[in-house]
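Here's a quick walk through a single chain, from its overall build down to a few backbone details. Have the viewer open and follow along.

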Amino acid sequence: MKITILTIFPHMFDSFLDGSILARALNQGLLTVDVVDLRPFSQRKHKNTDDDPFGGGAGMVMLAQPIVSAMAAVAPAPGEARRIYLSPRGQPLTQRKAETLARAAHLVLLCGRYEGVDQRAVDLCIDEELSIGDYVLTGGEPAAMVLVDCVARLVPGVLGCAESAAEESFASGLLEYPQYTRPRSLNGMDVPEVLLGGNHAQILKWRREQSLRVTFARRPDLLETAPLTPLERALVERWREDGGMPGPARPL
Ligand code: ADE
């Protein structure tokens, strides 16, 4: 897979791309990330990439021209790349969306700055606007890093088996169960007995229930769409009737 990032701050990506798992994927050729500076594409005398907003108002707006020219250079063939603009106005980036994007051959990510980009650039050369959450960043660069990180780790081969993506939060539609490692006892807190016994079926059952509990407590909205067995649905219903947080463990 190839990811091209269009930005006026290319250096922001230097240390990000040096990070261990991403750097390994880049070195192995599983992934190519091209960070492209928008500034050289500007046809203005001083290579500026922004101007005052028509209609007045605070801040600057990114010029359409450098974006349109850069897009034509990095993704010349129509439909060759999925062109995404990172913006707080976009659809939410979810795990499902990341899974879809991970199957694309080429993604182009446009990072906006200031008060946004001239709408004509969006209308002319963007397929999709994505937001990483309901808050406003000073620019799209951190959002592009989030997107690259969560998409790259889904590309086959990027994660070793030790870092498997299959069993974690959201893959099952639920939040992840709690994890423990050595020592068995810390400040008087013991690792749950079931994890030490080696009974794999019991461990799976315990983890599944913990996932349900943490999801019920923190993100009940996820339970509406998560694939649950009829027994699990009944359990969640009981928790709801009991009012709020589930009490001491009751068997499934
Ligand atoms: N740019 C500024 N804020 C953003 C957000 N929340 N998501 C994506 N891009 C952004």
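What share of the contacts in the chain with a separation of 6 or more comes from residues 24 or more positions apart? The figure is 72%. Keep in mind that this is a predicted model.

**Overall build**

The chain holds nine helices and nine strands. With a radius of gyration of 23 Å, well over the 18 Å that the globule rule gives for 252 residues, the chain is more spread out than a compact globule. Measured out along the principal axes, its C-alpha atoms fill a box of roughly 70 × 45 × 40 Å.

As for burial, 41% of the 252 residues count as buried. The exposed surface of the chain comes to about 14,400 Å², and carbon and sulfur atoms supply 55% of that area. On the charge side, there are 27 positive and 31 negative charges, and their mean positions lie 3 Å apart.

**Two nonpolar cores**

In soluble globular proteins, nonpolar side chains tend to be buried together. Here the largest nonpolar core has 30 residues, and L107, L109 and L147 are the ones with the most contacts inside it. Several elements give two or more residues to this core: strand 1 (2-7), helix 1, helix 2 (20-27), strand 5 (82-92), helix 4 (95-101), strand 6 (106-111) and helix 6 (141-152). Helix 6 chips in the largest share, eight residues. There is also a second, separate core of 20 residues, with M62, A70, L110 and C125 among them.

Which residues does L109 touch, once those up to four places away in sequence are set aside? The list runs I3, T4, I5, L6, I84, L86, A144, L147 and V148.

**A look at L17**

L17 sits in helix 1, which covers residues 14-18. Is L17 buried or exposed? L17 counts as buried, because its relative accessibility is 14% and the cut-off for buried is under 20%. Skipping neighbours within four places in sequence, L17 is in contact with L22, A23, L26, V33 and V35. L17 can also be paired with D149: the two are 132 residues apart in sequence, yet 9.5 Å apart in space, C-alpha to C-alpha.

**Backbone details**

Now for some loop spots to click on. R182 and P183 are joined by a cis peptide bond, with omega at about 0°. P183 belongs to the loop between helix 6 and strand 8 (185-186).

Two residues other than glycine have a positive phi: K47 and N187. K47 is found in the loop between strand 2 (32-37) and strand 3 (50-51), while N187 is in the loop between strand 8 and strand 9 (189-190). Here are their values side by side:

| Residue | Phi | Relative accessibility |
|---|---|---|
| K47 | near 60° | 36% |
| N187 | near 50° | 76% |

How do those accessibilities translate into classes: which residue is exposed and which partly exposed? K47 counts as partly exposed because its relative accessibility is 36%, whereas N187, at 76%, counts as exposed. The cut-off behind that call is over 50% for exposed, with partly exposed lying between that and the buried class.

Conventions: Residues are numbered from 1 along each chain as its sequence is written. This is a predicted model: local features need pLDDT of at least 70, side-chain atom pairs count only at pLDDT 80 or more; totals for chains, interfaces and linings use all residues. Side-chain values use heavy atoms; hydrogens and water are left out. Helices (H or I, at least four residues) and strands (E, at least two) are DSSP runs, numbered from the N terminus. The radius of gyration is taken over C-alpha atoms; the globule rule is 2.2 Å times the number of residues to the power 0.38. Buried means under 20% relative accessible area, exposed over 50%, partly exposed in between (1.4 Å probe, protein chains only). Contact means heavy atoms within 4.5 Å. Accessible areas come from the Shrake-Rupley method with a 1.4 Å probe; for residues, only the protein chains shown count as cover. Lys and Arg count as positive and Asp and Glu as negative; His and the chain ends are not counted. The place of a charge is taken as NZ of Lys, CZ of Arg, CG of Asp or CD of Glu. A nonpolar core is a set of buried Ala, Val, Leu, Ile, Met, Phe, Trp, Tyr and Cys residues joined through side-chain atoms within 4.5 Å.
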